[in-house]
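Reader: I am new to this structure and would like a close look at a single part of it. Could you take me through the salt bridges and how covered their partners are?

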Amino acid sequence: MAGVRGNILYHNNGDGTFTDVTEKAGLAHPDPDYGTLWSVGGAFFDYDNDGRLDLFVSNYCIWDPATEPTCGPRGLNDYCHPRYYRGLPNSLFHNNGDGTFTDVSRASGIRKSIGKGMGTGVADFDGDGLTDIFVANDTEPNFLFHNLGGGKFEEIGFAAGIAYPEAGAPLSGMGADANDIDDDGRPDIFLTALANETMPIYHNQGNLRFFEVTAQAGAASISSTRSGWSNAIVDFNNDGRKDLFVCGGDVMDAEGDFRERVPQTNLVLANLGGLRFVDATPGAGPDFSTKKAVHRGGAFGDLDNDGRIDAVVTDLHGPIEIWRNVSPTPNHWITLSLQGTRSNRDAIGARLKLVTAAGARYSLVNTAVGYGSASDRRVHFGLGKDERILKIEITWPSGTTQLLENVAVDQFLSVKEPAS
């Protein structure tokens with residue numbers, strides 16, 4: 001759990017209880033240069049493919065309540081613009097395999113880059129078998145840490161085309177998700193931001209080059225008047241095309257001068273195919289399209305195991321919202337739960353290619369989605385009208401490739417990595 005005055009690692013005891021093991025794991029030590037870091041989110045993934053999940057933490061800025069300025073209109077207290085604060089480097093911790101972690105932020109090259117980190121998207125963007133890291137920065141250029149192997153990373157956001165949006169000025173980057181939106185075999189990036197900035201879609205061109213397609217996709221006009229935090233790339237109606245979800249809410253104090261525009265509804269952008277989207281919020285149900293709140297976190301998964309992905313969204317001023325997906329669709333689906341043997345047990349980083357008569361679809365195993373949130377690690381595919389899966393190809397983090405053929409639809413399928 002990431003926080004302003006320290007992070008916490010809870011160990012699952014297997015009996016419905018958890019134990020705070022932050023100190024024991026070596027994650028409670030103060031930073032040698034900054035003391036206590038303000039962390040926003042974390043991502044567990046195996047950056048060196050040794051079969052153990054490592055930890056990346058996005059850090060925001062240096063904040064001290066004793067020196068907090070007054071930033072609201074007419075001299076009233078409100079949230080201050082990020083320009084009043086200095087940024088921080090992010091953190092990378094290597095899993096030692098004995099319940100402890102070693103800080104490798106400096107040795108890996110991660111610590112060289114100073115930003116104001118928020119959401120994180122982890123994926124193998126160049127298909128070399130090593131997981132890379134995208135970081136959404138608030139009013140600073142975004143980062144893309146390319147995994148060079150050997151425990152080293154290089155920040156290439158500008159060269160990759162994701163540091164800035166088309167307009168040229170850094171965004172108020174909030175949530176991030178990385179997945180293959182158009183099923184061309186390469187994971188893309190979807191980023192949320194604040195009103196008047198749009199929410200960029202960066203299309204992966206291959207060779208670590210991205211091109212922003214927000215306007216062409218119809219997402220710029222939909223998102224330009226909205227502010228978003230957590231987000232996800234998910235197929236909600238099982239038509240075989242991944243949709244976009246945004247947890248809506250502005251940044252100012254809901255009780256301040258901007259109170260009428262701070263609470264917002266959540267937002268769903270339906271995928272029409274060909275990297276084109278339409279605002280599906282009005283048709284998502286009367287509760288969904290009218291329920292305004294100061295939303296922040298969002299997690300996604302099939303809560304009731306009915307083959308449709310649900311959403312859990314936090315509200316700064318109210319209880320958690322649970323949005324049950326009741327899409328009246330006859331479309332087919334499959335959900336896969338992967339278990340690694342040579343790879344990490346949760347199979348984080350595994351890549352999947354699913355083929356039906358309609359063509360190929362791609363996804364990956366990942367829990368780090370959105371802003372300060374973690375989602376179901378099971379991989380869900382919508383299949384549209386296809387009644388049979390011709391094959392599923394799984395590329396495990398170990399490099400092992402596994403092929404499943406003639407697979408039935410509308411099921412939860414558990415797959416274990418071959419031992420050799």
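Author: Relative accessible area sorts residues into three classes: buried means under 20%, exposed over 50%, and partly exposed in between, using a 1.4 Å probe and protein chains only. The model is predicted, so side-chain atom pairs count only at pLDDT 80 or more, local features need pLDDT of at least 70, and totals for chains, interfaces and linings use all residues. Residues are numbered from 1 along each chain as its sequence is written, and side-chain values use heavy atoms, with hydrogens and water left out.

A salt bridge here is a side-chain nitrogen of Lys or Arg within 4 Å of a carboxyl oxygen of Asp or Glu, and a search of the whole structure finds 15 of them. One of these joins Arg351 to Asp124, with the closest N and O atoms 3.6 Å apart. This pair links distant parts of the chain, 227 residues apart, since Arg351 lies in strand E25 (residues 351-356) and Asp124 in the loop between strands E9 (117-123) and E10 (132-137); strands are DSSP runs of at least two residues, and helices (H or I) are runs of at least four, numbered from the N terminus. Arg351 counts as partly exposed because its relative accessibility is 30%, whereas Asp124, at 9%, counts as buried.

Lys291 and Glu321 also meet in a salt bridge, at 2.9 Å from N to O. Lys291 sits in the loop between helix H4 (286-290) and strand E21 (295-301), and Glu321, 30 residues apart from Lys291, in strand E23 (residues 318-323). Lys291 is partly exposed at 33%, while Glu321 is buried at 7%.
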